[in-house]
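Here are a few exercises to work through with the coordinates open beside you. Try each task before reading its solution.

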Amino acid sequence: MLLRATGKYLPVRWMFFFREGLTETIGLEGTNAMLRAIPSPNRCPEGSAKDLEKSVDFSCYSAICASVTEFYGESGAMWILMSAGRTAFTRLLKMTAAMVGAEHSGFPIGSAASPFEFRMQSIVRLLGLVSDVECKCETAGDGLRFRILACPECAGRPAAGCLCHSMGGMVQAAADWFGAGSAVKTTEIRCMAQGDSQCEFSIAGAL
Ligand SMILES: [Zn+2]
């Protein structure tokens with residue numbers, strides 16, 4: 001499936017870590033075979049972990065996710081993408097969290113009513129700084145809602161259900177980063193792939 005360029009970008013570094021996450025989940029041969037199956041206009045440029053330049057179109061990321069789904073089926077892809085997304089974002093956080101003062105030790109929480117929400121807001125800011133991923137985080141009932149308004153995973157991929165599994169892994173990685181990982185459960189409840197206006201994750205057990 002050839003995906004149209006979106007004009008929105010991720011940093012090369014994130015893609016480097018995402019490929020590492022895939023390799024650690026499905027092995028090097030599986031990753032290479034899956035990457036080779038992507039039509040060349042959607043292929044991601046090679047790069048290094050040092051490169052923070054925002055130059056990878058969202059369509060390169062969604063093409064990788066589509067290829068994983070074609071190779072491994074819906075349920076296989078769910079687990080693979082969640083795991084690779086979590087690994088990639090954890091590594092990205094290690095190298096960039098200081099940009100928004102979101103290092104996990106000593107992160108100032110001031111008098112925020114919900115320290116976890118306050119911390120997640122720093123992730124929203126970080127994503128806006130290092131990429132064109134636009135998101136919001138808000139309290140809803142006894143949990144949080146993490147909304148992605150410009151999503152790299154489902155761009156141009158119509159589907160009957162929610163498919164942003166690596167983004168779910170990213171949200172979970174952020175919760176892990178702030179020490180709440182085992183206490184929260186992240187579920188995608190809306191997705192632009194199925195016609196919703198945004199991709200939305202509920203984070204339960206977070207407040
Ligand atoms: Zn999405």
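**Exercise 1.** Classify M15: is M15 buried or exposed?

*Solution.* Step 1: count the other C-beta atoms within 10 Å of M15, which gives 22. Step 2: apply the cut-offs, by which a residue is buried with 20 or more other C-beta atoms within 10 Å of its own, exposed with 12 or fewer, and partly exposed in between, the C-beta atoms being placed from the backbone. M15 is therefore buried. Bear in mind that this is a predicted model, in which local features need pLDDT of at least 70 and side-chain atom pairs count only at pLDDT 80 or more, while totals for chains, interfaces and linings use all residues. Residues are numbered from 1 along each chain as its sequence is written.

**Exercise 2.** Locate M15 and list what M15 touches, leaving out residues up to four places away in sequence.

*Solution.* Step 1: M15 sits in helix α1; helices (H or I, at least four residues) and strands (E, at least two) are DSSP runs numbered from the N terminus. Step 2: use the contact rule, C-beta atoms placed from the backbone and lying within 7 Å. The partners of M15 are L10, C44, G47, V56 and Y61.

**Exercise 3.** Describe the largest nonpolar core and say which element gives the most to this core.

*Solution.* Step 1: a nonpolar core is a set of buried Ala, Val, Leu, Ile, Met, Phe, Trp, Tyr and Cys residues joined through C-beta atoms within 7 Å. Step 2: the largest one has 63 residues, and M15, C154 and A174 have the most contacts inside it. Step 3: the elements giving two or more residues include α1 (12-36), α2 (58-96), α3 (115-130) and α4 (165-177), along with strands such as β3 (134-140) and β4 (143-150). The most comes from α2, with 17 residues. Step 4: check A174, which is in contact with F89, M120 and I123 once neighbours within four places in sequence are set aside.

**Exercise 4.** How do α1 and α2 pack?

*Solution.* Step 1: fit axes as lines to C-alpha atoms, for helices over the stretch in contact, with angles running from 0 to 180 degrees between N-to-C directions. For α1 and α2 the angle is about 140° and the axes are 7 Å apart. Step 2: angles under 35 degrees count as roughly parallel, over 145 as roughly antiparallel, 65 to 115 as roughly perpendicular and the rest as oblique. So α1 is oblique to α2. Step 3: sort the contact of α1 with α2 by class, which gives 16 nonpolar, six polar and four charged residues. Here Ala, Val, Leu, Ile, Met, Phe, Trp, Tyr, Cys and Pro count as nonpolar, Asp, Glu, Lys and Arg as charged, and the others, Gly among them, as polar.

**Exercise 5.** Repeat the analysis for α2 and α4.

*Solution.* Step 1: α2 and α4 pack at about 25°, with axes 7 Å apart. Step 2: α2 and α4 are therefore roughly parallel to each other. Step 3: the contact involves, among others, L81, F89 and L93 of α2 and M167, A174 and W177 of α4. By class, the contact of α2 with α4 has 13 nonpolar, eight polar and two charged residues.

**Exercise 6.** Classify I80 and R125 by burial.

*Solution.* Step 1: I80, in helix α2, has 25 other C-beta atoms within 10 Å and is buried. Step 2: R125, in helix α3, has 14 C-beta neighbours inside 10 Å and counts as partly exposed. Step 3: beyond four places in sequence, I80 is in contact with T25, I26, V68 and Y72.

Conventions. Two residues are in contact if their C-beta atoms, placed from the backbone, lie within 7 Å.
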